Amino acid sequence: MARTTHVIPWALQAFIVLCYLVENQQAAKILFVPSLEYSHCKYMNALGQELVQRGHEVTMYMCQEINFRDCPGPHFEVINFSWPTYEKSLDFKEKIGNDIFHGEWNVLSEEATEVKEQMCEMIQQDNDALQRLHYKNFDLAVIDSLFSTQCFYLVPYNLSIPFISVSSALRESETGSIIAPRFSPNVYTSVSTEMDFRKRLLSTLRYVAQHMGDIFSVPLENFKLAPTLTASEVEDLYWKSELFLDNTDIIFNYPKPFLSHFRQVGGLTTQPGMPLSKSLQHFFDGATHGVIIMSFGNAFENITDRISALLLSTLQRLPQHILVKTNTNKVDGNVKMMTWFSLNDVCAHPKTKLLISHCNSNDYFESLYHGVPLICLPIVGDQFQIASRIEDYKMGLKLNIWKQKRDTLYIAALNVTTKPVYRKNAQKYSEIFRSRRLNPRQVAADGVEEVLQFGRRHPKGSYLNHPWYQLLNLDVWLFIHLLFLIGFYAFFCTVNQIIRWLQHYKVFHVIVLVVLLLYIHNMIYPPPLVYDI
C-alpha cells in the first residue's frame, strides 16, 4: 500500500504535463497552395502528410481542371477553384514544350510573361472558392514558390494570414540570402564549384541578369484580391515569408550560405518503397539482368513522348529490361511502357540498375535515397546544375539531349551499369542521407510548427531591402577602385608639376645643384680608403 502512494503522485504529475503539452500544441489549420506541376504537388503533399500525422488540419487549394493523379493523398481536405480558360491554354502549353525541346530560348522569355499573366488571372477568378477559404479561418499558408506563382501570395494576403515559401530554387536577393558566386554557382547554370575566371564571370553575370531582369516581375497592374497594391508591392510579398523551405541539401548540393530563416529540406518525397502492382512485380521478376527506368516527368508530356521515341531504339539493345513512362500502356519485348508509376517505389526495387531522367529535384533525391545511379538529360531550369552535381559526385553521367547520336545513350548506359564506381558512390551517398536522425519531412514540419508557435523567431533584419549590387558588394569595390584612381591621378599630377618646375630653371643651375649635393654628401660620408698591398 505504501508503494501505491508513491505511484499516484507520479502518475498525476505525468498527466498534468501531458495536458499542458496538448494545450500548447493545438492543431492548426494550414492552407497549401501548390503550383500546377505534379512534381511540386508531390513534395508539398509529403510535407502535408507529416503535418496531418502531427494533428494539424491541412487543406489543398487546387485547380480542378488539372489532373494531379495521386496528389493530394488521403486525410487532406481539398478546395478546388475553377479555371474557365484552361482549355484555351493547352495549345500554348504545348507550344512552350515544343520551344523548350527545340531550344528556342529567344522566345521563351516572352512566353514566360504570358504564363505569369495566366497564373495571376487564374488564382483570382473563382469567387466562390475564395469565399470558402475565408470561412475556414486558416492559421498559416504554405506557398509553392516559382517565377510564375508570384500572384499566389495574394491568397494569404487576402486572408490576412502569415505564409511560408517552399521551392527548389529560392531567389537570393528577395530572400535576404547571401550571394557568393565565387563558390556557390547560380542554380540556373551548369558550372560547378571548381570555376576558372570565365565561369566565375558567367556565374556572377547570371546573378546580375536574374535580379535586373523581369523574370520575377508581375505583369498585371490591377489585383482583385488586393486592390490597393501595385505590381511592385505584390512582388515584395515573396520576401515577407516567415520561413523559406529550400528543397536542397547541405551535402548533395553545392555549398551555399544560409541564414536563420532558411531550412534545407531536400528529399521531401523520399521514403521506403511500397509494394509494386502485380504486373510491375512480374516485369521485375523476369528481369534477369535488372531493370533500367526512363522517366521525364509530367510537366511537358509532349517532350516525354518525343524523347521516348528518340531513345527507346537505343535502349532496346541493352540486356536489361526497360521501364518507360510514356503516354501509352503496352509491352514491347523487353520494354514496358506505362502512363504512370511511382518512381520512388520502382527505384526502391533491388533489381533497378539505372534511372534515365531529366533530373528534377524529386528524381534526384529519390534515386539518391535508394542508391540508384543516374543518366541525366536536363531540359530546363535547375536540372542542368543537378546533372553537373551527379557527374561531379560520380553517381552517374550527364548527356545533352539536343545532341544525341545513335550510340551516345547506349554507351553511357553501358558504362554506368557495368562500372561499379557509379553504383558504389550512389549507395555511399544513400547511406549518408538515410543515417540522419530526422528525415526532410520532419525538418520541414518542425519549421512550420516553429512559425505557428513563435512567429518569426529569427528577425530578418534590414538586408532584405538592399538592392542586388549591395548584396554582391559591388558598391564597395567601386568605391575602392575610385579611391585608387584618385590616388593615381594625384600622383601623376604631382610628378608632372615637379618636371615642369625643373624645366622652368636653366639646366646649368640644376647641374650645379646636383654637384653641390654630391660634394656635401661626400664630406659628410667620405668613401672608405683602399690600400694596395
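A salt bridge is taken here as a side-chain nitrogen of Lys or Arg within 4 Å of a carboxyl oxygen of Asp or Glu. By that criterion, and in a model that is predicted, Lys-336 is buried yet has no salt bridge, since the nearest side chain of opposite charge, that of Asp-285, is 12 Å away. Lys-336 belongs to strand S11, which spans residues 335-338. Leaving aside residues up to four places away in sequence, the contacts of Lys-336 are with Ser-279, Leu-280, Phe-283, Ile-322, Leu-323, Val-324, Lys-330 and Val-331.

Two of these contacts, Leu-280 and Phe-283, are also found among the buried residues of helix H10 (residues 278-285), where Leu-280, Phe-283 and Phe-284 are buried. These three residues cover an arc of only 95° around the axis, which puts them on the same side of H10. The face of H10 turned away from that buried side carries Lys-278 and His-282, both of which are exposed. The cover over the buried residues of H10 includes strand S8 (291-295), S9, S11, helix H12 (343-347) and S12; Lys-336 itself lies in S11.

A further buried position is Leu-318, which is placed in the loop between helix H11 (301-315) and strand S9 (321-325). With a relative accessible area of 4%, Leu-318 falls under the 20% limit and is therefore buried. Its contacts, not counting residues up to four places away in sequence, are Ile-292, Asn-334, Tyr-410, Ala-413 and Leu-414. For one of these partners, Leu-414, the C-alpha atom is separated from that of Leu-318 by 7.7 Å, although the two residues are 96 residues apart along the chain.

The disulfides were examined next. Three disulfides are counted in the model, and when the bonded cysteines of the chain are numbered in sequence order, the pairing is 1-2, 3-4, 5-6. In one of them, Cys-41 is joined to Cys-71 with an S to S distance of 2.0 Å, and the torsion about the S-S bond is about -85°, so this disulfide is left-handed. The pair links distant parts of the chain, 30 residues apart, with Cys-41 in helix H2 (residues 38-53) and Cys-71 in the loop between strand S2 (57-63) and strand S3 (77-81). Both Cys-41 and Cys-71 are buried.

Another disulfide joins Cys-120 to Cys-151, with an S to S distance of 1.9 Å, and this link is right-handed, with 75° about the S-S bond. Cys-120 lies in helix H4 (residues 105-125), whereas Cys-151 lies in the loop between strand S4 (140-144) and helix H6 (154-159), so the pair ties together parts that are 31 residues apart in sequence. The relative accessible area is 2% for Cys-120, which is buried, and 1% for Cys-151, which is likewise buried.

The sulfur atoms of Cys-359 and Cys-376 are 2.0 Å apart and form a disulfide, which is left-handed because the torsion about the S-S bond is about -75°. Since Cys-359 lies in the loop between strand S12 (352-357) and helix H13 (361-370) and Cys-376 lies in strand S13 (residues 374-376), this pair ties together parts that are 17 residues apart in sequence. Cys-359 counts as buried at 0% relative accessibility, and for Cys-376 a relative accessibility of 0% likewise counts as buried. Two further cysteines are also buried, namely Cys-63, with a relative accessible area of 2%, and Cys-347, with a relative accessible area of 1%.

In soluble globular proteins, nonpolar side chains tend to be buried together. In the present model the largest nonpolar core has 70 residues, of which Leu-31, Phe-32, Tyr-61, Leu-133 and Leu-245 touch the most other members. Helix H2 gives the most to this core, with seven residues. The contacts of Tyr-61, again without residues up to four places away in sequence, include Leu-31, Phe-32, Val-33, Pro-34, Ile-79 and Phe-81, and further along the chain Tyr-61 touches Ile-123, Asp-126, Ala-129, Leu-130, Leu-133 and Val-155. A second, separate core of 31 residues includes Leu-276, Ala-287, Leu-323 and Cys-347; of these, Leu-323 is one of the residues touched by the buried Lys-336.

Key: Residues numbered from 1 in each chain as written. Predicted model: local features only at pLDDT ≥ 70, side-chain atom pairs only at ≥ 80, totals over all residues. Heavy atoms only, no water. Disulfide = S-S within 2.5 Å. Helix = DSSP H or I, 4+ residues; strand = E, 2+ residues; numbered from the N terminus. Buried < 20%, exposed > 50% of the residue type's maximum accessible area, 1.4 Å probe, protein only. Lys, Arg positive; Asp, Glu negative; His and termini not counted. Contact = heavy atoms within 4.5 Å. Arc of directions from axis to C-beta. Core = buried A, V, L, I, M, F, W, Y, C linked by side-chain atoms within 4.5 Å.
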